[in-house]
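Reader: I would like to work through a structure one feature at a time, and I would like each reading to be explained before it is applied. Could we begin once the coordinates are in view?

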Amino acid sequence: MVERSKKPGPIPVVAATEHGGMSVESDNVTLSLPSGESVKVLLYGATVISWIVDGQEKLFLSEKAKLDGTKPVRGGIPLVFPVFGKATEGPTAVLTQHGFARICKWELLGKTSESERSVQVDFGLGPENLTAGLQKQWPYPFGLIYSVTLTRTSLETKILVRNEGSETFDFNWLFHTYLRVPDISTVGVEGLKGVQYKDKVTASEATEENAELAIVSKVDRVYANVSNTVVVKSGGNPLYRVERTNLEDVVIWNPWEDAVGMADFSPDDGYKNMICVEAGAVSKWHKLEPQNVWEAGAVIHI
C-alpha cells in the first residue's frame, strides 16, 4: 500500500551538480540537467511554469499570469482536481471551476531521483493544505502525490490520488498543459481521428473525421477514450508527442481571439503561439474506494 509522505521540515537550497539537481526558492523549485535542460515548478498549485530544452521555452505562460497565489496560473501546466469545469450537481458542485489543486500551496516532498540524464521531484497535497472553507466544501480525507521528472528530451508528470477516508468519492483529473508553438496556423494535432468528442464551443457532439486536426478558430473539445498517442505538428513536422497512462481523455483548447477578453492573457495575440493538449480523466467520474489509490501520468516528448 502506498503511503503519503509525512509533512517535511524546511528543505535547504540545493545547487545543481555535475549530475544536474534541484534548487529551491521560497515559492518555486527548479530542476536542471548538466546538458542545460530545466523545469520550474511553483509551489502554488504545483504548477509547472517553464520547461526549457536547447535554450528554447516549450510551454506557454501568459505575460500577465498571476504567480503570487491570487488566482490560478494562466499557462504552464495547471493541475485540475477533483472536478473538471464547473459541476452543477453532486459534491463537487460547491467547488470553484477546475477544483482546488491549482489554487493551493503544495508541500515540497523532495528530490526522489537524480542522474546525469534525469531528475525527479515530488510534491504533496492533503486536507491540511486546504483552507477551512475548502475543507468544508471537500470533506473527504485524501492525499495527492505529484511527481515531475525532467529528462533531456521529455517532461513526465505523474499523479497518485489516495482516498484516506471511509467514504467513496468521485473525481476528475487533468494536466491542463499549455504547449508553445511557433505559429498556430501551421499546427495540426494527430491521433484523434475516429474519436468522439464534445465541442464546448458549439455545444454539440461529433466524431473527429480528420487525420490531423487543424486549429483555424476557437477550439474547446473533450475527446473521450483516445487510444492513440497524440502528436502536435508544425508544418507537418512533429513538435511534441504526448503519451498517457491511465488517462483516457484529451482536451484540445485554444481561445483564439477570445483571448483579448481575458484579463490575465497576454499578449492579446498570444493564442497564435500556444495550444492546450491536456491529458486527463474527465469525460466521466472516477470512483475511488476508501483506502484505495489511483495513479496516472503523461509524458511530453520532443
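What follows is a conversation about the cores, the charged side chains and a few single residues of this structure.

Author: Before anything else, please keep in mind that this is a predicted model.

Reader: Let me start with the interior. How many residues does the largest nonpolar core have, and which of them have the most contacts inside it?

Author: One reads a core as a connected set of buried nonpolar residues, joined through their side-chain atoms. Here the largest such core has 82 residues, and those with the most contacts inside it are Phe-123, Ile-252 and Ile-275. The strand that gives the most to this core is S21, spanning residues 274-288, with seven residues. A second core of six residues is separate from it, and among its members are Phe-84, Val-222, Val-251 and Val-282.

Reader: Which residues does Ile-275 touch, once its neighbours up to four places away in sequence are set aside?

Author: With those neighbours left out, Ile-275 touches Thr-177, Tyr-178, Leu-179, Val-181, Ile-184, Val-187, Val-189, Ile-215, Val-232, Ile-252 and Trp-253. One of these partners, Ile-252, is itself listed among the residues with the most contacts inside the largest core.

Reader: How should I read the cysteines, and how many disulfides does the structure hold?

Author: A disulfide is read from the distance between two cysteine sulfur atoms, and the structure holds zero disulfides. Burial is a separate reading: Cys-104 counts as buried because its relative accessible area, 4%, is under 20%. Cys-276 is likewise classed as buried, with a relative accessibility of 0%.

Reader: Turning to charge, is Arg-244 buried or exposed, and what is the nearest side chain of opposite charge?

Author: For a charged side chain in the interior, one looks at its charged partners and then at its polar contacts. Arg-244, which has its place in strand S19 (residues 237-245), is buried and yet has no salt bridge, the nearest side chain of opposite charge being that of Asp-249, 7.0 Å away. That distance does not qualify because a salt bridge requires the side-chain nitrogen and the carboxyl oxygen to be within 4 Å.

Reader: Which backbone oxygen atoms does the side chain of Arg-244 reach, then?

Author: A polar atom of the Arg-244 side chain lies 2.6 Å from the backbone oxygen of Asn-228, and the side chain also reaches the backbone oxygen of Leu-247 at 2.7 Å. Leaving out residues up to four places away in sequence, the residues that Arg-244 touches include Val-226, Ser-227, Ala-279 and Gly-297.

Reader: How many salt bridges does a search of the whole structure find, and which residues are joined into one network by salt bridges that share partners?

Author: The search finds 10 salt bridges. In one of them the side chains of Lys-71 and Asp-264 meet at 3.7 Å, N to O. Lys-71 is in the loop between strands S5 and S6, whereas Asp-264 is in the loop between S20 and S21, so this pair ties together parts that are 193 residues apart in sequence. Lys-71 is partly exposed, with a relative accessible area of 31%, while Asp-264 counts as buried at 8% relative accessibility. Arg-74 also meets Asp-264 in a salt bridge, at 3.2 Å, and this pair links parts of the chain that are 190 residues apart.

Author: A further bridge joins Arg-221 and Glu-208, whose closest N and O atoms are 3.0 Å apart. Arg-221 lies in strand S17 and Glu-208 in the loop between strands S15 and S16, so the parts tied together are 13 residues apart in sequence. Arg-221 counts as buried at 16% relative accessibility, and Glu-208 counts as buried at 4%. As for the network, salt bridges that share partners join Lys-71, Arg-74 and Asp-264.

Reader: Where does Glu-114 lie, and which side chain is joined to it by a polar contact?

Author: Glu-114 lies in strand S7, residues 107-114, and a polar contact of 2.4 Å joins its side chain to that of Lys-111. At 33% relative accessibility, Glu-114 counts as partly exposed.

Reader: Finally, how far apart in space are Leu-144 and Trp-294?

Author: Sequence separation and spatial separation are best read side by side. Leu-144 and Trp-294 are 150 residues apart in sequence and 9.7 Å apart in space, C-alpha to C-alpha. Leu-144 lies in strand S9 and is buried, with a relative accessible area of 0%.

Conventions:
Residues are numbered from 1 along each chain as its sequence is written. This is a predicted model: local features need pLDDT of at least 70, side-chain atom pairs count only at pLDDT 80 or more; totals for chains, interfaces and linings use all residues. Side-chain values use heavy atoms; hydrogens and water are left out. A nonpolar core is a set of buried Ala, Val, Leu, Ile, Met, Phe, Trp, Tyr and Cys residues joined through side-chain atoms within 4.5 Å. Buried means under 20% relative accessible area, exposed over 50%, partly exposed in between (1.4 Å probe, protein chains only). Helices (H or I, at least four residues) and strands (E, at least two) are DSSP runs, numbered from the N terminus. Contact means heavy atoms within 4.5 Å. Lys and Arg count as positive and Asp and Glu as negative; His and the chain ends are not counted. A polar contact is a pair of N or O atoms within 3.5 Å; within protein, one must be able to donate a hydrogen and the other to accept it, and residues adjacent in sequence count only if both atoms are side-chain atoms. A disulfide is a pair of cysteine sulfur atoms within 2.5 Å.
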